[in-house]
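Okay, thanks for coming, everyone. I've got one structure to walk through, so let me put it up and start with the ligand site.

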Amino acid sequence: MLIKTRKEIPSSEITPESVYKARRQFLKTGANVALGAAGASLLSPTASAQVGDSLFARAPADINLASRPDWLVQKVAERKDAPATGSFNTDEELTPFSDVTTYNNFYEFGTGKEDPSNNASEFRIDPWSVEVAGECAKPGTYTLEDVLKPHTFEERVYRLRCVEAWSMVIPWIGIPMKDLLSRFEPNGNAQYVKFTTLVDRDQFPAQRSRFATIDWPYQEGLRMDEAMHPLTLMATGLYDDVLPAQNGAPLRLVVPWKYGFKSIKSIVKIEFTRDMPNNTWNDLQPREYGFYANVNPNVSHPRWSQASERRLPSSLFMPRRIDTMMFNGYEEVASLYEGMDLRRNY
Ligand code: MTE
């Protein structure tokens, strides 16, 4: 994976969690989403100024999607809070919306960090369908509406740690993966679940390129117990809105204790398998990227240490380097790997 230094983001753009929460509280008390200055003035003066800079000023078009079905926007608006107990939330400062949506890895749109946000504005998620296959009682092709409508969306504030040693804190909106997968009734042979990204040469410039190094489609997989863990999320939105294209609209995996490359974007296929599925980065460079990809400060990448990370936004003058935590701080997942050698199963 390429590593590039990013442009400096002024600290005034950072949205503290308290401000974000204040806005959520405000929205819940019945305000309209089309807020503008009138809405912002209901917050404290400090909060409204910062919110105005970072969130309210953002027009829906900035979400970078050519299509946004009304029912999806509505479901995002009706989301509930993260569960009150457990690691579904964090007090850490949120990474500003601008960083979350302009510093991306989505190689279908290009290898540069800003390529996805620059190339994604025409991305269409309507219509969208998901093929469900393999070891389950309910295989078939489902529309996005079929997939999402029965679920209530919820918010989860998770750390995202990329294998390239940068990290963010992102307020996701989505559904617990176990609730989604259970609906397809996986059978006793289902040991793993494999996810596949859309192939569409019209929409993804890198899929048209003769120089792309990835053998499309991008693919990822989880062991069933990992997929069914309460922390694992199928994300459908972030901050207050539907997922921007560059972050993996309309369906994107989020597994907060694993390196970011496991979080496959723009999913069109879910397959229950007996055998461990292949995954794109492991196919490309097996010595560098494994199947498990659990965040582990004690196991270096062959070309760099994983002991610390840059918490974005960061710059030469404001490096914001912090220690990396085992399982990215989500230690409750340790029991999933009991008895496994995590140096071999990287
Ligand atoms: N999914 C697809 N389809 N294509 C990709 O290139 N990049 C992965 C992951 N999911 C990638 C993908 C990597 S390397 C990371 S770190 C995360 O997406 C980045 O997610 P973000 O851009 O929302 O921060």
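So, by class, the shell around the ligand holds nine nonpolar, six polar and three charged residues. For the classes, Ala, Val, Leu, Ile, Met, Phe, Trp, Tyr, Cys and Pro count as nonpolar, Asp, Glu, Lys and Arg as charged, and the others, Gly among them, as polar.

Quick caveats: this is a predicted model, where local features need pLDDT of at least 70 and side-chain atom pairs count only at pLDDT 80 or more, while totals for chains, interfaces and linings use all residues. Residues are numbered from 1 along each chain as its sequence is written, and side-chain values use heavy atoms, with hydrogens and water left out.

Which residues come nearest, of the 18 around the ligand? That's Tyr 107, Glu 108, Arg 252, Ser 263 and Lys 265; near here means a heavy atom within 4 Å.

Now the polar side. Glu 108 has a side-chain N or O atom 2.8 Å from a ligand nitrogen. On ligand oxygens, a polar side-chain atom of Asn 247 sits at 3.1 Å, and one of Arg 252 at 2.8 Å. The ligand on its own has 530 Å² of accessible area, and the protein covers 100% of that (Shrake-Rupley, 1.4 Å probe).

Last thing, Thr 324, in the segment after strand 12 (321-323); strands are DSSP E runs of at least two residues, numbered from the N terminus. Is Thr 324 buried or exposed? Buried, because its relative accessible area is 7%, and the cut-off is under 20%. Its side chain also makes a polar contact with the side chain of Arg 161, at 3.0 Å (an N or O pair within 3.5 Å, one able to donate a hydrogen and the other to accept it; residues adjacent in sequence count only if both atoms are side-chain atoms).

Definitions and conventions. Helix = DSSP H or I, 4+ residues; strand = E, 2+ residues; numbered from the N terminus. Buried < 20%, exposed > 50% of the residue type's maximum accessible area, 1.4 Å probe, protein only.
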